[in-house]
Amino acid sequence: MGSESGKKVGRRAVLLGGGAAVLGTAALAREELARAWWRLPWMEKERTDGELDHKPAEWRAASAANSRRADRPDDFSVDRVVIHVVQGSYATALKVFRDPLHGAATHYVVRKDGHVAQMVRELDVAFHAGNRDMNERSIGIEHEGFVDRPEDFTAAMYAGSARLTADICARHGIPVDREHIIGHVEVEGTDHTDPGPHWDWDRYMELVAKERARLDGGGPVRAAGRGTRG
């Protein structure tokens with residue numbers, strides 16, 4: 001689990017409220033204004049709250065306090081998937097992410113039997129990575145279990161999570177490799193260790209690659225990466 005307030009400060013400035021703020025250069029001002037334009041009351045895009053991005057999932061809404069309304073990928077491109085472990089049960093994750101005082105939530109939670117709950121729309125920025133920049137550019141997936149119990153990472157969980165990650169990568173054009181599919185421990189500035197030493201990255205990446213190939217309906221997608229676990 002993470003939050004919005006990591007050590008790395010975000011790059012955005014306040015734009016609304018009487019016109020664009022002075023951001024140093026005209027080019028930067030145009031970029032930031034384009035990102036914020038949809039937030040104006042008469043410009044906000046239509047959306048259906050609770051609509052599933054990953055169709056096999058179940059919708060279980062997190063507290064709105066644990067995410068930030070956005071319009072990704074129009075305001076922030078999505079190029080990372082961050083793998084988390086709850087340090088608790090599936091029910092615990094759902095409970096704390098519904099708590100407005102918790103300050104964190106992931107987009108998805110995966111149960112040991114492979115069942116997936118979506119708690120935050122992919123359009124929006126979930127507070128999961130402990131780093132604002134990573135929150136803005138990533139989708140977070142929580143997994144039931146504990147980092148020091150390898151038996152928690154079941155075949156069904158790996159399979160369900162791999163289908164989810166492959167779907168996310170296909171829809172956002174994210175490469176299936178360990179630069180773009182990372183553990184929470186790999187996020188800059190974080191003090192978390194999940195998914196831990198027992199998460200089998202080689203197995204997981206191979207499953208994601210196979211699922212991505214199935215979605216593409218073509219030849220195999222080879223999983224590339226650093227060959228690390230953590």
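**View 1. Tyr204 and its aromatic company in helix 5.** Tyr204 is buried, its relative accessible area being 0% (buried is under 20%, exposed over 50%, partly exposed in between, with a 1.4 Å probe and protein chains only). Its partner Trp201 is buried too, at 1% relative accessibility. Both residues belong to helix 5 (residues 201–216), 3 residues apart, or about one turn of the helix; helices (H or I, at least four residues) and strands (E, at least two) are DSSP runs, numbered from the N terminus. This is a predicted model, where local features need pLDDT of at least 70 and side-chain atom pairs count only at pLDDT 80 or more, while totals for chains, interfaces and linings use all residues. Residues are numbered from 1 along each chain as its sequence is written, and side-chain values use heavy atoms, with hydrogens and water left out.

How many aromatic pairs turn up in a search of the whole structure? The search finds 6. In one of them, Trp201 and Tyr204 meet edge-to-face, 6.2 Å centre to centre with 75° between the planes. For pairing, rings of Phe, Tyr and Trp (its six-membered ring) need centres within 6.5 Å; planes under 30 degrees apart are stacked, over 60 edge-to-face, and the rest tilted. Trp201 and Tyr204 also join Phe153, Tyr158 and Trp199 in one aromatic cluster.

**View 2. Two arginines over rings.** Arg178 has its charged end over the ring of Trp201, 3.7 Å from the ring centre. Arg111 does likewise with Tyr90, at 5.0 Å from the centre of that ring. To count, NZ of Lys or CZ of Arg must be within 6 Å of the ring centre and within 35 degrees of the ring normal.

**View 3. Helix 2, one face in and one face out.** Tyr90, Ala93, Leu94 and Phe97 are the buried residues of helix 2 (residues 90–97). Looking down the helix axis, these buried residues fall within an arc of 95°, so they line one face of helix 2; the arc is taken from the directions from the axis to the C-beta atoms. Over on the other side, Ala91 and Lys95 are exposed. The buried residues pack against strand 1 (58–59), strand 4 (108–110), strand 5 (116–118) and strand 7 (138–143), with contact meaning heavy atoms within 4.5 Å.

**View 4. The nonpolar cores.** The largest nonpolar core has 28 residues, and Val81, Ile83, Ile141, Ile168, Ile181 and Tyr204 have the most contacts inside it. A core here is a set of buried Ala, Val, Leu, Ile, Met, Phe, Trp, Tyr and Cys residues joined through side-chain atoms within 4.5 Å. Helix 4 (155–172) is among the elements that each supply at least two residues, along with strand 3 (80–83), strand 4, strand 7 and helix 5. Helix 4 gives the most, with 7 residues. A separate core of 12 residues includes Ala93, Leu94, Phe97 and Val120.

**View 5. Gln118, a buried polar residue in strand 5.** Gln118 is found in strand 5 and is buried, at 0% relative accessible area. Its side chain makes a polar contact with that of Asp53 at 2.7 Å; such a contact is a pair of N or O atoms within 3.5 Å, where within protein one must be able to donate a hydrogen and the other to accept it, and residues adjacent in sequence count only if both atoms are side-chain atoms.

**View 6. Asp75 in its loop.** Asp75 sits in the loop between strand 2 (67–68) and strand 3. Its side chain reaches the backbone nitrogen of Asp71 at 2.9 Å and that of Arg72 at 3.0 Å.
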